Amino acid sequence: MINFKIFFQGLKAHKGSKSPAIPLAACFIALGALLKDAGFNLQQSAASSLFTYALPGQLVMAESLLVGASIINIFIAVWLVNFRLYPMTVSLFPLLEHKKQPKWKYFLSCHFLAVTSWLIAKDGYQKIDKKYRIDFWIGIGIGTWTTAILMTVVGYLSADYLNKDMLIGLAIVNPVYFFCMMIGAMKNLSITSAVFGGTILGPLIYTVSSEWALLFAGVIAGTLAFLIGGKNGK
Amino acid sequence: MASSQIIILAIIATSLATFISRFMGAITSKKVSVKSKVFEWFNCVAYATLAALLGRMIVFPAGVLADSDLFIRIVVLIICIIIFMISKKNLVLPTIVSAILLSVLNSI
């Protein structure tokens, strides 16, 4: 069913100098504390990370609840901020595809798709035998997902002991980690242009429309990067 | 403060809104070949969207981060990227430094 040797190789991505465990822990601890602030109980906080497992969406949910937004509004706001998961899945899953692997593995493991797991998988898939890449992915996913859920609980329980400056410090870890990982991934002209274009257009379009900013910035900067890369042969 | 029922509904709505994109992605993936132009385009859009999200998180953050100064956030980010570059792409070091640095700079 699952090649456990490869599975553990994915799980082991949590060790070493590229470990995502610290940034993941930091941001989900901060989230746990925020959810407590928003009136969640411990089970609800854990359930949120278990079923959603996408930090920006969970932040949007908590903040929308704090300002009293309707459920429909929350749904739309979360959908727009998490829509990035669609192109991210399409740019990763074909790399993990193998005819001999059952479809259910792909449809279930797509739940593990989040920025951290995606960046690790993109960084390491080439070293894995094509046939078992999906098991490698499941290993990465189980590791990051479990870390996220456990740390949400830790954050919830330690909320009273963390002061504001500590929470602010924890909150920056996540974007810093992602930025560093993306810079590490800039191996060709199209990805480099996509990263620069997105970083500039994201905040810029946000000043016009807070909800649609990510979608527009991503499609515009991504398409430009695709065209630039195509023209230069890479 | 939101009631328990509202919170549960919000968790369900958030999870559904998130899973739709992942699941649609998994379905689309079945029809996309790694060597196609479409795949390359999706790859560019994925990186650009992610970069847009990160740019927004630093410039217009949600949550507690909004209580820190924009200038301090950018300084911390740049210092950490430099650490990342000179430490042979070590990711643990810049992330630990970022938390300590921002906490300290923000409390001054």
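## Working through a two-chain helical model

In this model, 73 residues of chain B are in contact with 91 residues of chain A, where contact means that the C-beta atoms of two residues, placed from the backbone, lie within 7 Å. The model is predicted, so local features need pLDDT of at least 70 and side-chain atom pairs count only at pLDDT 80 or more, while totals for chains, interfaces and linings use all residues. Residues are numbered from 1 along each chain as its sequence is written, and chains are lettered from A and ligands numbered from 1 in the order in which they are written.

### Exercise 1: the chain B side

Work out which elements of chain B touch chain A, and what kinds of residue they bring.

Step 1. Start with the elements giving two or more residues: α1 (4-29), α2 (37-59), α3 (70-86) and α4 (92-107) of chain B. Helices here are DSSP runs (H or I, at least four residues), strands are E runs of at least two, and both are numbered from the N terminus.

Step 2. Pick out the largest share: α2(B), with 21 residues.

Step 3. Sort that side of chain B by class, and you get 48 nonpolar, 19 polar and six charged residues. Nonpolar covers Ala, Val, Leu, Ile, Met, Phe, Trp, Tyr, Cys and Pro; charged covers Asp, Glu, Lys and Arg; the others, Gly among them, are polar.

### Exercise 2: the build of chain A

Describe the secondary structure and overall dimensions of chain A.

Step 1. Count the elements: chain A has 13 helices and zero strands.

Step 2. Check the size. Chain A has a radius of gyration of 18 Å, close to the 17 Å that the globule rule gives for 234 residues, so it is as compact as a globular protein of that length. The radius is taken over C-alpha atoms, and the rule is 2.2 Å times the number of residues to the power 0.38.

Step 3. Put a box round the C-alpha atoms along the principal axes: roughly 50 × 45 × 35 Å.

Step 4. Look at burial: 56% of the 234 residues count as buried. That takes 20 or more other C-beta atoms within 10 Å of a residue's own; 12 or fewer makes it exposed, and in between is partly exposed, with C-beta atoms placed from the backbone.

Step 5. Of the contacts in chain A with a separation of 6 or more, 80% join residues 24 or more positions apart.

### Exercise 3: α13(A) and the core

Find what the buried residues of α13(A) pack against, and follow the trail to the largest nonpolar core.

Step 1. Size up the helix: α13 (residues 213-231) of chain A has 19 residues and spans 27 Å from first C-alpha to last, close to the 27 Å expected at 1.5 Å a residue (1.5 Å times one less than the number of residues).

Step 2. Find its buried residues, including Ala217(A), Gly218(A), Ala221(A), Gly222(A) and Ala225(A). An α-helix has 3.6 residues a turn, so residues three or four places apart point the same way.

Step 3. Name the partners: the buried residues of α13(A) pack against α5 (71-82) and α12 (189-206) of chain A, together with α2 of chain B.

Step 4. Now zoom in on Ala48(B). Neighbours within four places in sequence aside, Ala48(B) contacts Ala194(A), Gly197(A), Gly198(A), Ala217(A), Gly218(A), Ala221(A), Gly222(A) and Ala225(A).

Step 5. Place Ala48(B) in the largest nonpolar core: of its 117 residues, Cys27(A), Ala30(A), Leu170(A) and Ala48(B) touch the most other members. Such a core is a set of buried Ala, Val, Leu, Ile, Met, Phe, Trp, Tyr and Cys residues joined through C-beta atoms within 7 Å. Domain 1 (4-173) and domain 2 (186-234) of chain A both give residues to this core, so it lies between them; the bounds come from an automatic or database domain assignment.

### Exercise 4: two positive phi values

Compare the settings of Tyr53(A) and Lys89(B).

Step 1. Recall the background: most residues other than glycine have a negative phi.

Step 2. Tyr53(A) has a positive phi of about 45 degrees, and sits in the loop between α3 (42-51) and α4 (55-66) of chain A. Tyr53(A) is buried, with 25 other C-beta atoms within 10 Å.

Step 3. Lys89(B) has a positive phi near 60 degrees, and lies in the loop between α3 and α4 of chain B. Lys89(B) is partly exposed, with 15 other C-beta atoms within 10 Å.
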